[in-house]
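Biologist: Could you walk me through this protein, one step at a time? I am new to reading structures.

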Amino acid sequence: MNQYRKMAAICCAAMLISTASCSSDKPKESGTSTGEPEGSVPTVQGSITPQAAPSEAPTPESTVPESITPQATPSGADTPEDATPTGVTPTAAVLENDDKKVSYMEKYRDIVEEMHPGGITEKRDALSYPEFQKYTYYSTTAERDTPVNILLPYGYSEEKEYPVLYILHGFYDNEDWMAREIVGIRTMLSNLCADGLAKEMIVVLPYIYCSKDMPYCTGLDLQNSLNYDNFINDLMADLMPFVENNFFVAKGRENTAITGFSMGGRESLFIGFSHPELFGYIGAVCPAPGLVPVAGSSMHPGQMEEGDMVFGENPPYILMVSAAKNDGVVGSFPSSYHDILNGNGTDHIWHTMSKTGHDHSSVTPHLYNFFRVIFHADEPMGTSPEGCVDGGEVKYADSYEFEKLEYGGIEKTDFYCLLEAEKAKSAPGILLWWTAQQSFPTHIRLLM
């Protein structure tokens, strides 16, 4: 086993060395190039000239009514993280291999970590980082121009189509809250992409307060909550078409994700349950109360009933709910959502953080995990420790050296590495095929 650990360490070092950068930068033809150097963004139809989003927005951390006492979860705060009631079969998105089906969510569940690793949000000398750019689009829902921050991958190119992630801010905040350096989206995502741990993607930070009569949130009451709830209509009718018409977007639920913090987390869950045909990856961190009715609260009549928190025959690839155990704002409401999902047999990833609060300290770990598990639906799925169905020839390696391999008609420079048997549970070791562009191994072979 020491031999396996040594070889794993060598492999991990090789992974870091073999990272690759993105390709050339060309705007979509529907927009006009700004004439900026590589990494710039196009001017888009119906927008103002892009302006860099502020790195530090003076908005407060999200909050929800202090007057509402969070309800205790039915089984208490110490509900087992993966508990599912007896007799309830969780629904899960599956990808078919030649001879068996594999749960996408089950495959990625084990890589979720409580906290992001140190240094992942820090800039590296060898990398170039994109900037958030601010645009406006006309919202027919709110009947006004509405701001949105958009992050394009460094080297954004018209030769590619990119998946899209929508990240929603919380109560009293705006589109600049998530763009702050303290949240770390642009550096963390770029580092993960360079390490082969995340896909290149377009990140959209919208302003989710949507009202014809009220331009911004004025208080903690029902009307203001309903204005946040109205964002689903703006997203469907206005924002998603704006993004798809002005940027090179890979369409389909397998290329579209949504998550949010606090009130934004409540809205991302509501949007995900309402439109699973559009969003294949759904997340929420410290979601606010009110997704379902809150007893004794006139502010939270509920966007849906508890029994509606199901997907039926169209479950997402990923449903991830993150919660801070010491959250002094939303309390145990995220845990109550977890319990409802378990009670309904709705498969999901439950991610808890023991030392974070209701602020960026919880958002960054959630996004670190979410970035790594989204947009892999088109990749081959390993089936089990018994093997992997990939249609290719089984090859065993005597060394860790690079070699040219032919796979699926495409020649790639890859390498093999060994990991401890614990990863495969019943095998003495597993053989992994890992490219710099894959998030983590998808091809598994027994090493007997």
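Modeller: Happily! Let's start with a word we will need: a residue counts as buried when its relative accessible area is under 20%. Keep in mind, too, that this is a predicted model.

Biologist: Thanks! Which residues of helix α4 are buried?

Modeller: Helix α4 covers residues 222-229. Using that cut-off of under 20%, the buried residues of α4 are Asn224, Ser225, Asn227, Tyr228 and Asp229.

Biologist: And what do the buried residues of α4 pack against?

Modeller: Here we look for heavy atoms within 4.5 Å. By that test, the partners of the buried residues of α4 are α5 and α6.

Biologist: Which residue caps the N-terminal end of α4?

Modeller: Look for a side-chain oxygen lying 3.3 Å from the backbone nitrogen of glutamine 223. The residue that owns this oxygen, and so caps the helix within the 3.5 Å limit for a polar contact, is aspartate 221.

Biologist: How do α5 and α6 pack, and what is that arrangement called?

Modeller: Helix α5 spans residues 231-246 and helix α6 spans residues 263-274. Their axes lie 10 Å apart, at an angle of about 55 degrees. That angle makes α5, relative to α6, oblique.

Biologist: How many residues in the contact of α5 with α6 are nonpolar?

Modeller: From α5 come Phe231, Ile232, Leu235 and Met236, while α6 supplies Phe270, Ile271 and Ser274. Sorting them gives no charged residues and 1 polar one. The number of nonpolar residues is 6.

Notes. Residues are numbered from 1 along each chain as its sequence is written. This is a predicted model: local features need pLDDT of at least 70, side-chain atom pairs count only at pLDDT 80 or more; totals for chains, interfaces and linings use all residues. Side-chain values use heavy atoms; hydrogens and water are left out. Axes are lines fitted to C-alpha atoms, for helices over the stretch in contact, and angles run from 0 to 180 degrees between N-to-C directions. Helices (H or I, at least four residues) and strands (E, at least two) are DSSP runs, numbered from the N terminus. Angles under 35 degrees count as roughly parallel, over 145 as roughly antiparallel, 65 to 115 as roughly perpendicular and the rest as oblique. Ala, Val, Leu, Ile, Met, Phe, Trp, Tyr, Cys and Pro count as nonpolar, Asp, Glu, Lys and Arg as charged, and the others, Gly among them, as polar. Buried means under 20% relative accessible area, exposed over 50%, partly exposed in between (1.4 Å probe, protein chains only). A polar contact is a pair of N or O atoms within 3.5 Å; within protein, one must be able to donate a hydrogen and the other to accept it, and residues adjacent in sequence count only if both atoms are side-chain atoms.
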